[in-house]
Amino acid sequence: MARDLRGFIKQLEARGQLKRINALVDPDLEIAEISNRMLQKGGPGLLFENVKGADFPIAVNLMGTVERICWAMNMQQPEELEDLGKKLGMLQQPKPPKKIGQAVEFGKVLFDVIKAKPGRDFFPACQQVVIQGDDVDLNRLPLIRPYPGDAGKIITLGLVITKDCETGTPNVGVYRLQLQSHNTMTVHWLSVRGGARHLRKAAERGKKLEIAIALGVDPLIIMAAATPIPVDLSEWLFAGLYGGSGVNLAKCKTVDLEVPADSEFVLEGTITPGEVLPDGPFGDHMGYYGGVEDSPLIRFHCMTHRQNPIYLTTFSGRPPKEEAMMAIALNRIYTPILRQQVSEIVDFFLPMEALSYKAAIISIDKAYPGQARRAALAFWSALPQFTYTKFVIVVDKDINIRDPRQVVWAISSKVDPTRDVFILPNTPFDTLDFASEKIGLGGRMGIDATTKIPPETEHDWGAVLESDPDVAAMVERRWQEYGLADLQLGEVDPNLFGYDMHK
């Protein structure tokens, strides 16, 4: 298994999922335009080896398909991610084992935690080249600008590492950073994020906040840092659990923080509380340009990197994008944890086209009236990341929630808008959602698309149309006799039924 960026790139290339581009390309708009076209078609990862004005190559779209996300997690199928979710769920809410088999299973999880403990590297590859003080020049990094209305160049896939000045607990997050000068950047994070909390604590004590940015790391570590699961474990331990062995860390040169030892680049600096600059606008995951916000200013005084480093980047926008692929994988990881929180949920799906979290489709094993509404309300409060889910559609367990045609049929045939749609007004909301009348405050909608049972309805529900099983079996046996053996009745092209899926 690849445990650094270079190993993952080699893995992709060996599997025919990497394209090297030697033509001269501009990091200003051009690279994003090329990459976006590749993302739309589920194409391979890209390595731009000749970047205008830069000494280093740029890797992008490495995690542009769910298949490649699975490879990064040392798995082959998305369903395998649910096993990881079960493990995390067991750690989140451990229960006393009632059987020997349960005790053995829990023991295996605890052993995995021990194996996941981070290691130490005293001669790390990320410090093969050290640049300090006035020699630090962020313009040497091949930072991209994805959209013409963007305010400047950005870092998108950097691990932003800070530490709680009271407890010493580190936080690792993935936040956008905007270049402000040759040695400064602003960081854009929500007030509820770990880095923002650490900055508030530092401000209360009159201290600067030390910060490190690790660029070009093992994609598995990026997945761990992007997993907002409420377990009292560090992101380093998460990454170790994800990968099956601990992440090797190295102590920074000038700040009291640790970074992945095999990072391609590491930036070290400090934030002075209260020192801010305007950040934005930038294209965001909603498909629009966001606003301009005063954001904390980072002053960098040290940059280290590997020999011949590779710069890893991505960009946000209307799906499909790499962040949407990561969200699909995280959806699988969340599923067992959500089932643990809300027992009646059989499965749930966050469609990419719904921006990976704005709409959720959940299936339940319905047993009593009103259960769909209860499940929707429980979903919104089950995990913090579902706070901003705007629509929850509840269907029966026999509906394939990953087939939009089945979901639309359930809504159309089982929903009476007067009875089955309910609105929660004026709830805390995503500040990037321009659909809300007031920024940061919006409504949520629940839709009960399950089969109704008394007293939800006062009349009998019609029986679902199904083939006669004996006739279906006979037709299966005689298919070749009909002269139809050459017809492949696999997955149907949706364009045959009035859809337009080419664009």
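A salt bridge is a side-chain nitrogen of Lys or Arg within 4 Å of a carboxyl oxygen of Asp or Glu. Keep that in mind as we look at how the two domains of this predicted model meet: between domain 1 and domain 2, the count of such bridges is zero.

Let's begin with those domains. The domain assignment divides the protein chain into domain 1, residues 5-312, and domain 2, residues 342-449. To the contact between them, domain 1 gives eight residues and domain 2 gives 10 residues. Measuring from C-alpha centre to C-alpha centre, the two domains lie 31 Å apart. The size of an interface is often given as the accessible area lost when the parts come together. Here, domain 1 and domain 2 bury about 890 Å² between them, and 68% of that area is on carbon and sulfur atoms. As for polar contact, one residue pair counts between domain 1 and domain 2, with both residues at pLDDT 80 or more.

Now let's move to helix 11, which covers residues 404-414. Just at its start, a side-chain oxygen of Asp403 comes to within 3.0 Å of the backbone nitrogen of Arg405. Which residues of helix 11 are buried? They are Val407, Ala410 and Lys414. Looking down the axis of helix 11, you would find these buried residues within an arc of 65 degrees, so they line one face of the helix. On the other side of helix 11, Pro404 and Ser412 are exposed. The cover over the buried residues includes strand 18 (359-364) and strand 19 (391-396), together with helix 12 (417-420) and strand 21 (441-449).

Follow the chain beyond strand 21 and you come to Pro455, in the loop that leads to helix 13 (469-478). Is Pro455 buried or exposed? Its relative accessible area is 71%, and anything over 50% counts as exposed, so Pro455 is exposed. Between Pro455 and Gln40 there are 47 Å in space, C-alpha to C-alpha, and 415 residues in sequence.

Next, turn to strand 15, residues 293-305, where you will find Ser295. Ser295 has a relative accessibility of 3% and therefore counts as buried. Which residues does Ser295 contact, once its neighbours within four places in sequence are left aside? They are Thr186, Val187 and His188, along with Glu275, Val276, Leu277 and Asp279.

The loop between strand 14 (265-279) and strand 15 holds Tyr289. With a relative accessible area of 37%, Tyr289 is partly exposed. Not counting residues up to four places away in sequence, Tyr289 touches Tyr147, Pro148, Gly149 and Asp150, as well as Pro281, Phe282, Gly283, Asp284 and Phe434. Gly149 deserves a second look: the side chain of Tyr289 reaches its backbone nitrogen at 2.8 Å. Met75, by comparison, is 214 residues from Tyr289 along the chain, and their C-alpha atoms are separated by 35 Å.

Our last stop is Gly243, in helix 8 (residues 235-243). Its relative accessible area is 16%, and the cut-off for buried is under 20%, so Gly243 is buried. Leu220 is 23 residues away from Gly243 along the chain, and 7.1 Å separates their C-alpha atoms.

Note on methods:
Residues are numbered from 1 along each chain as its sequence is written. This is a predicted model: local features need pLDDT of at least 70, side-chain atom pairs count only at pLDDT 80 or more; totals for chains, interfaces and linings use all residues. Side-chain values use heavy atoms; hydrogens and water are left out. Helices (H or I, at least four residues) and strands (E, at least two) are DSSP runs, numbered from the N terminus. Buried means under 20% relative accessible area, exposed over 50%, partly exposed in between (1.4 Å probe, protein chains only). Contact means heavy atoms within 4.5 Å. The arc is that of the directions from the helix axis to the C-beta atoms. A polar contact is a pair of N or O atoms within 3.5 Å; within protein, one must be able to donate a hydrogen and the other to accept it, and residues adjacent in sequence count only if both atoms are side-chain atoms. Domain bounds come from an automatic or database domain assignment. Buried area is the accessible area (1.4 Å probe) that two parts lose on being put together, summed over both.
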